[in-house]
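Please examine the structure shown below together with its sequence. The report concerns a surface patch and selected helices.

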Amino acid sequence: MAGFGIVLPGLPYFARELGASSLEMGLMVSLYALAQFLFAPVWGSLSDRIGRKPVLILGMTGFGLSFVAMAFARSVAMLLLVRFLGGMLSASTFPAAQALVADLTPPERRGSSLALMGGSSNLGFVLGPLLGVPITSLGYGFPGLALAGGLAILLTALLAIAVLPAPRPRAATAGRRPPLTRALRLAVTSAEAPCYWLVLVAAMAGSSVFSMLGYYLIERMGAPESANQLAFSVMGIASAIIQFTVVGRAMGRWGETRTSSAGFLAGAVAFVLLLLAGRVWQACAAVAVWGVALALIRPPLTTLVSRRTQLGQGTALGIQASFESIGRMAGPLLAGFLFGLHPQLPYGAVEVLLLAALFWGSRALRRLESGDAGPAGAGGTGDGPAPGEAARPAAGSLVATSTR
């Protein structure tokens, strides 16, 4: 994740140098999410057959090499192709790593192990942009960032070869995604349907920040590349602090609905601040608030799905992951199109979505949390965890949570 964080903030500036429009920049992010959505089930099935470690090593190696290739991209088309390949290969890393943790830890320790993995992921994403600042300051530009990020991931793959155990694979269904058509049908009819749609809205909002923030800083403030690196680090730090210190207590005291609603409210405030920002420090403050919002939104929704679903843990968490992927695909495309019309339009549209999610979602979640929502999707698959086993988070989530 540190390697990923080194490269991501500099990508908009490099894409602009190659002549990419805002829509093409959004397409780069969407293609990455699309590749992960399409290939994650393939990698998951392969890890069940040949083992987690080989799939994890293969994915990390390919992901690192895709960054190395990105350093030599000389056209927008080549950059788009490399981004798709990077998404296809990286789709194996989180699912294989989570499955490996599940294979190696007993049920009573699984939740804390997965939470530690999520915290480590956040820490890497925070450190990445900070490590990229001196590379940019020394004048190496985006090729230097891409090579450094790729090298970091390849070195991690070598370390994994040396130290990771390789237990015999065992099939696991938690977090496995059903086909898209079935996911949509179940999401509409199940009792926890509001959670899926709210995850989609949050993913759209987050991917809009990721995809257009660099262009926004360039157009609105003429900011250098280091400003985007700083903004990403500030957002990651804020999210990590709230995750480790506030989220658990907030859910215990307020419940899932109020905590999630507080997250959507914070998100609405963040995008207002981003729309009003005229200086880099103001934009950094806005994305820090968005980092807080992300930390408050996702864990309560995952917890509600885990507690209330009648579909089985694996199917429910797989549907949630599918909807998050759909949001990460749609958000950058919509943001790129709207940015071409006016730089503030993407964030204005997200503001409307977040306010709608706040007012509709709080009522719908209150009914679900109280148990009033009927089991419209009843007919569980029987693949829930054993008593005392923690629910596994959806692959690739910024915040890993678990419930007893």
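The sections below take up the basis of the model, then the charged patch, and then two helices.

## Basis of the model

This is a predicted model, in which local features need pLDDT of at least 70 and side-chain atom pairs count only at pLDDT 80 or more, while totals for chains, interfaces and linings use all residues. Residues are numbered from 1 along each chain as its sequence is written, and side-chain values use heavy atoms, with hydrogens and water left out.

## The positive patch

On the surface, R258, R363, R366 and R367 gather in a patch of positive charge (patch residues have over 30% relative accessible area and no salt bridge, that is, no side-chain nitrogen of Lys or Arg within 4 Å of a carboxyl oxygen of Asp or Glu, and like charges are joined within 9 Å). Helix α16, residues 345-370, gives the most to this patch, with three residues (helices are DSSP runs of H or I with at least four residues).

R367 is found in helix α16 and counts as partly exposed because its relative accessibility is 47% (buried means under 20% relative accessible area, exposed over 50%, and partly exposed in between, with a 1.4 Å probe and protein chains only).

## Helix α12

In helix α12, residues 247-254, the buried residues are V247, A250 and M251. Viewed down the axis of α12, these buried residues fall within an arc of 95°, so they line one face of the helix (the arc is that of the directions from the helix axis to the C-beta atoms). The face of α12 turned away from the buried side carries the exposed residues R249, G252 and R253, and the helix is followed by G255, whose phi is positive, near 95°.

## L80 in helix α5

L80 is found in helix α5, residues 76-90, and is buried, with a relative accessible area of 14%. The C-alpha atoms of L80 and M70, which lie 10 residues apart along the chain, are separated by 9.5 Å.

Note on methods: Patches are made of residues with over 30% relative accessible area and no salt bridge: like charges are joined within 9 Å, nonpolar side chains (Val, Leu, Ile, Met, Phe, Trp, Tyr) within 5 Å. Accessible areas come from the Shrake-Rupley method with a 1.4 Å probe; for residues, only the protein chains shown count as cover. Lys and Arg count as positive and Asp and Glu as negative; His and the chain ends are not counted. The place of a charge is taken as NZ of Lys, CZ of Arg, CG of Asp or CD of Glu. Helices (H or I, at least four residues) and strands (E, at least two) are DSSP runs, numbered from the N terminus.
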